[in-house]
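Me: Please take a close look at one part of this model, and then follow the thread from there into its surroundings. I would like to know what that part touches and where it sits.

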2 protein chains.
Amino acid sequence: MAAITASLSGFPEWLPAGRVVENHVLDTLRREFELHGFASIETRAVEPLKELLRKGETSKEVYLLSRLADLGAEGGEGGTDPNRLGLHFDLTVPFARYVVENAGHLHFPFRRYQIQKVWRGERPQDGRFREFTQADIDVVGDGTLAFHHEVEIPLVMAAALTKLGIGEFAIHVNNRKAAQGAYESLGIRDVEGALRAIDKLAKIGPAGVQAELEALGDVNPAAAQAAIELAGITGTEGISAAARAVVEKAGGVVSELMEQGLAELEELLAAASERAPGVVVADLSVARGLDYYTGSVYETFLVGHESLGSICSGGRYDSLASDGKRTYPGVGMSIGVSRLVSRMLSADLASASRQVPSAVLVAVTDEAERAASDAVAVELRKRAIPCEVSPSAAKFGKQIRHADRRGIPFVWFPGTGEVKDIRSGEQVAADPRTWEPPAQDWWPTVVANG
Amino acid sequence: MAAITASLSGFPEWLPAGRVVENHVLDTLRREFELHGFASIETRAVEPLKELLRKGETSKEVYLLSRLADLGAEGGEGGTDPNRLGLHFDLTVPFARYVVENAGHLHFPFRRYQIQKVWRGERPQDGRFREFTQADIDVVGDGTLAFHHEVEIPLVMAAALTKLGIGEFAIHVNNRKAAQGAYESLGIRDVEGALRAIDKLAKIGPAGVQAELEALGDVNPAAAQAAIELAGITGTEGISAAARAVVEKAGGVVSELMEQGLAELEELLAAASERAPGVVVADLSVARGLDYYTGSVYETFLVGHESLGSICSGGRYDSLASDGKRTYPGVGMSIGVSRLVSRMLSADLASASRQVPSAVLVAVTDEAERAASDAVAVELRKRAIPCEVSPSAAKFGKQIRHADRRGIPFVWFPGTGEVKDIRSGEQVAADPRTWEPPAQDWWPTVVANG
């Protein structure tokens, strides 16, 4: 079954069979988030430009809006007027605004999930999606937010990803305090610069990173070397000891901040090894996002599909939002659903048992007898059995082929009161008030091959 | 519980309790559409301007897109370049494109539902929604589409609206062939002009409409009078006879087209009176959309909330889409979900039993004992009981108030292994591996007061 199409570059559309898989993913995530007590919200698709530009780095990717009716009016289309509307490029910026605006109606810590489309005006030649669905969970506090939520969030995502059955995955965690503390312990003052350099390790290699670190100024070769060694620390045990040893070997004195960050990392690893063994690993090379996250930071890789990049990322913000008087710290993670589903389909990690909801096609013996077929369908639907009535009173062979092409497993013959499993050919007498399809045929199912 | 907010005019956002109601509506519609064998699809949010401008009348409401990165580049923001992207303002235009593009992958008649946001750049002072959710069902044929689908579509919507429990509603039906045939029988040549005039009946009254009709030219006073009388015909029986009588009284000869349209209307009424008694009524004043629909046309009114206008409209197109070689006739209806949910909330037609998914708050005796509370939550979730762990090890009274404010009915005490119904105060010993909440408390429910 064909699954995906895109007549406009960057704007993928699923064919019905692909949509069954996408809906399965969305339903599974939603269910798992709700089981963990996250409430659903949606925010409008648009934000004023001034909100969207707060995160400077992504500003180039914003789609701005103009009303067609305003074209040619004075002031043109609005340019970069801060009140001009643009499409949101993530769900964090609008959620932060929603929290500040509605704080009086929310109960903190506020646990929410949000599954929506976002848009990024990427250059079409980059082959990236310009419209895609994200699934976010966040816990937000009013003024304070306990550390245990930094343990909880990746465990909720681990539970959700496990339910998807897409195979083995690993959540890589690091901690801003540990990284910043370590750099400070090594005498590196430009923490953000060091993080940016370390983030390039896979791309430009240790020698390139060493040069970038030394170019920051006041970073001696031993400190740069140690920063690179720190980034090589990964695993579930002995992380703190290894990190301390690297810093001390380079002549550094382990700072209080570094100790605090390492203690948080260890606490997260300990809880995770209990509740989701083998899923969460410390990875001190995770540097992306550490410039705005303030505590734990997470990236998730699908084993065997590392080329996808992180499928689920996030971290802790000490100030997700603020209205000047109150500050709202938060911790959250976001799944890139469209990219994940696209890979699930292209790599055959999942497939749909059929592309239509109907378990039964009710045949029509004669157009004059259509009401009899409608009546059977009404009875079946009363017991939540999805079905449709044949569009024409063609020969039964043709009606059966109609069902077969759609993957509908059963054809009902109202004339003789029989139902046929068109896969096995078995045909039995049946009463529409009592007959049931087998559970696996009731609704379309998604088989995970991961 | 507060339900709705809108810090940007025309862009409503639901608070968590309102979102529970909206999700209930969306889930109910989706379930009912799938029970009737409609497959889910989504289309991208954007279309090239040339696609959006095919329906001339709504062109003023289009939001056009510009990439922020392109601002100031040669050619400005794109003006009315036909390939410039705009946000879709309905789901029919993108669906028609999807059908033509993917016809080779689809099986006809193709039954699909589509629930998505649409955007209209209305003037903010009009107080209309500029972003809202529509829920559409359509059946589309390849070349031909049998009339019985025109009977089926309003019956599916009747089943869906009934499941919402929002109270009594009426689906008003008319037929383009009956209207056009009647006008032709009366010698009125400008059928579209006559339909536009009749559409104003409620607004400008019979005398105003009479004047507009006569102003069309070649419409004599008796014919204009008859057209107004025709628009007064409503009910479930004797429609054809009444319509014929009006035409003949005015000296007209009932045309074949009029007879065909009346026969279709009668067939629809007969099937509907059997399968959804009292829901579908003929209403020959329904004229909106008759300029582009070619057969049955539908509008739906919520009894007692007629001021909302039609909450679910649609009709038959002989050419929903065409690629020049093949033509795809269709019939469908669309529910304006956001406006409906907004009224449900403001008129208290429905309310949520709680604003969070959690049925249970697992208390924390002491921060050092948090793992024991986490373990209880894991056990409950294994049996699909939504729950959350208390964010702090505050005094139990404070933890109970935390649950109470959110509407969480049960608090679990891991220390003593007891669970308390905080509404009744009843507290019993319980095992997290076997305890279940009563069915009505398991998930948030929506009580319909309609």
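Reply: Leaving aside its neighbours within four places in sequence, A:P109 is in contact (heavy atoms within 4.5 Å) with A:V139, A:V140, A:G141, A:L145 and A:H149, and also with B:P391, B:H402 and B:R406. This is a predicted model, in which local features need pLDDT of at least 70 and side-chain atom pairs count only at pLDDT 80 or more, while totals for chains, interfaces and linings use all residues. Residues are numbered from 1 along each chain as its sequence is written, chains are lettered from A and ligands numbered from 1 in the order in which they are written, and side-chain values use heavy atoms without hydrogens or water.

Where does A:P109 lie along the chain? A:P109 is in the loop between α3 (92–102) and β7 (110–119) of chain A, where helices (H or I, at least four residues) and strands (E, at least two) are DSSP runs numbered from the N terminus. A:P109 is buried, with a relative accessible area of 18%; buried means under 20%, exposed over 50% and partly exposed in between, with a 1.4 Å probe and protein chains only. One of its partners, A:L145, is 36 residues away along the chain, yet the two C-alpha atoms are separated by 7.3 Å.

The contacts of A:P109 include residues of chain B, which leads to the way in which the two chains are related. Chain A is superposed on chain B by a rotation of 180° with 0.0 Å of shift along its axis, leaving an RMSD of 0.1 Å (a least-squares fit on the C-alpha atoms of residues with pLDDT of at least 70 in both copies). The two copies are thus related as by a two-fold rotation axis. Among the residues of chain A, A:L65 comes closest to that axis, with its C-alpha at 2.4 Å. Because 100% of the interface residues of chain A are also interface residues in chain B, the copies meet through the same surface.

Elsewhere in chain A, helix α5 (residues 176–185) has eight of its 10 residues buried, so this helix is largely enclosed by the rest of the structure. The buried residues of α5(A) are A:R176, A:K177, A:A178, A:A179, A:G181, A:A182, A:Y183 and A:S185, and what covers them includes β9 (169–175), α6 (191–198), α8 (221–231), α9 (239–249) and α10 (256–275) of chain A. Just after α5(A), A:G187 takes a positive phi of about 80°.

Helix α6(A), which helps to cover α5(A), is itself mostly covered, with six of its eight residues buried. Those residues are A:V191, A:G193, A:A194, A:L195, A:A197 and A:I198, and they pack against α5, α7 (201–215) and α8 of chain A.

Two other helices in that cover, α9(A) and α10(A), also meet each other: A:I239, A:S240, A:A243, A:R244 and A:V247 in α9(A) touch A:M258, A:E259, A:L262, A:L265, A:E266 and A:L269 in α10(A). A further pair in chain A consists of α1 (residues 16–35) and α11 (residues 337–346). There, A:G18, A:V21, A:E22, A:V25, A:L26 and A:L29 in α1(A) meet A:V337, A:V341, A:M344 and A:L345 in α11(A).

Terms used. Axes fitted to C-alpha atoms, helices over the stretch in contact; angles between N-to-C directions.
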